[in-house]
Amino acid sequence: MTIVVLELEPGAEVPEHSHENEQLGVLIEGSMSFTVGDEHDEVRPGSFWRILANVPHSVVAGPDGAVAVEVFAPVRSEWAALPPAEPGPGRWP
């Protein structure tokens with residue numbers, strides 16, 4: 001399993017994609033507009049989502065950005081090859 005804190009700037013877009021991992025998430029602050037398969041949903045703080053493996057999905061952060069906690073299973077092994085990023089100021093906590 002992989003657990004991440006995702007911080008999106010206002011209006012940031014994650015283009016449509018899919019992966020072999022099931023994805024669960026909760027929105028901590030801000031808002032997001034999700035498209036999962038043929039369904040569209042607006043999420044607010046406290047909203048949860050589940051995206052099954054291999055289902056196309058995309059997201060757009062709201063006008064104040066967004067902070068979410070997401071869990072992926074199995075492990076997002078392709079992320080292990082990414083170079084470490086320098087920590088920034090962050091949006092949360």
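Which strand holds Glu42? Glu42 lies in strand β4, made of residues 39-43. The notes below go through this predicted model point by point.

1. Strand β6 and its partners. Strand β6 covers residues 57-73. Strand β1, residues 2-8, pairs with β6 in the antiparallel sense over 7 bridges. Within that pairing, Leu6 is opposite Ala68 of β6. Strand β2, residues 13-17, is also antiparallel to β6, and 3 bridges join the two. Here His17 faces His57 of β6.

2. Strand β3 against β6 and β5. An antiparallel pairing with 13 bridges connects β3 and β6; in it, Gly25 stands opposite Glu70 of β6. Strand β3 spans residues 22-36 and is also joined to β5 by 4 bridges, again with the strands running antiparallel. The bridge partner of Gln23 in β5 is Ile51.

3. The two faces of β5. Strand β5 consists of residues 48-51, and its side chains alternate in direction. Trp49 and Ile51 point to one face and are buried. Phe48 and Arg50 point to the other face and are not buried. Arg50 counts as exposed because its relative accessibility is 55%, and the cut-off for exposed is over 50%.

4. Salt bridge between β3 and β5. The model has 2 salt bridges. One of them joins Glu22 and Arg50, with the closest N and O atoms 2.5 Å apart. This pair links distant parts of the chain, as Glu22 belongs to strand β3 and Arg50 to strand β5, 28 residues apart. Glu22 is partly exposed, at a relative accessible area of 27%.

5. Salt bridge between Arg76 and Glu78. The side chains of Arg76 and Glu78 also form a salt bridge, at 2.6 Å from N to O. Arg76 is buried, with 10% relative accessibility, whereas Glu78 is partly exposed at 40%.

6. Negative surface patch. Which residues gather in a patch of negative charge on the surface? They are Asp38, Glu39, Asp41 and Glu42. Glu42, the residue in β4, has a relative accessible area of 42% and is partly exposed. Glu42 passes the accessibility condition for a patch because 42% is above the required 30%.

7. Nonpolar surface patch. Val5, Ile28 and Trp92 make a nonpolar patch of about 240 Å² on the surface. Trp92 is found in the segment after β6. Trp92 is partly exposed, with a relative accessible area of 35%, so this residue also passes the 30% condition.

8. Backbone at Asn54. Most residues other than glycine have a negative phi. Asn54 is not a glycine, yet has a positive phi of about 65°. Where does Asn54 sit? Asn54 is in the loop between β5 and β6. Is Asn54 buried or exposed? Asn54 is exposed, its relative accessible area being 53%.

9. Cis peptide bond at Pro74. Most peptide bonds are trans. The bond from Ala73 to Pro74 is cis, with omega near -5°. Pro74 is placed in the segment after β6.

Terms used: Residues numbered from 1 in each chain as written. Predicted model: local features only at pLDDT ≥ 70, side-chain atom pairs only at ≥ 80, totals over all residues. Heavy atoms only, no water. Buried < 20%, exposed > 50% of the residue type's maximum accessible area, 1.4 Å probe, protein only. Patch = residues over 30% accessible without salt bridge, like charges linked within 9 Å, V, L, I, M, F, W, Y side chains within 5 Å. Areas by Shrake-Rupley, 256 points an atom, 1.4 Å probe, with all protein chains shown as cover. Salt bridge = Lys/Arg side-chain N within 4 Å of Asp/Glu carboxyl O. Lys, Arg positive; Asp, Glu negative; His and termini not counted. Charge placed at Lys NZ, Arg CZ, Asp CG, Glu CD. Pairing = 2+ DSSP bridges.
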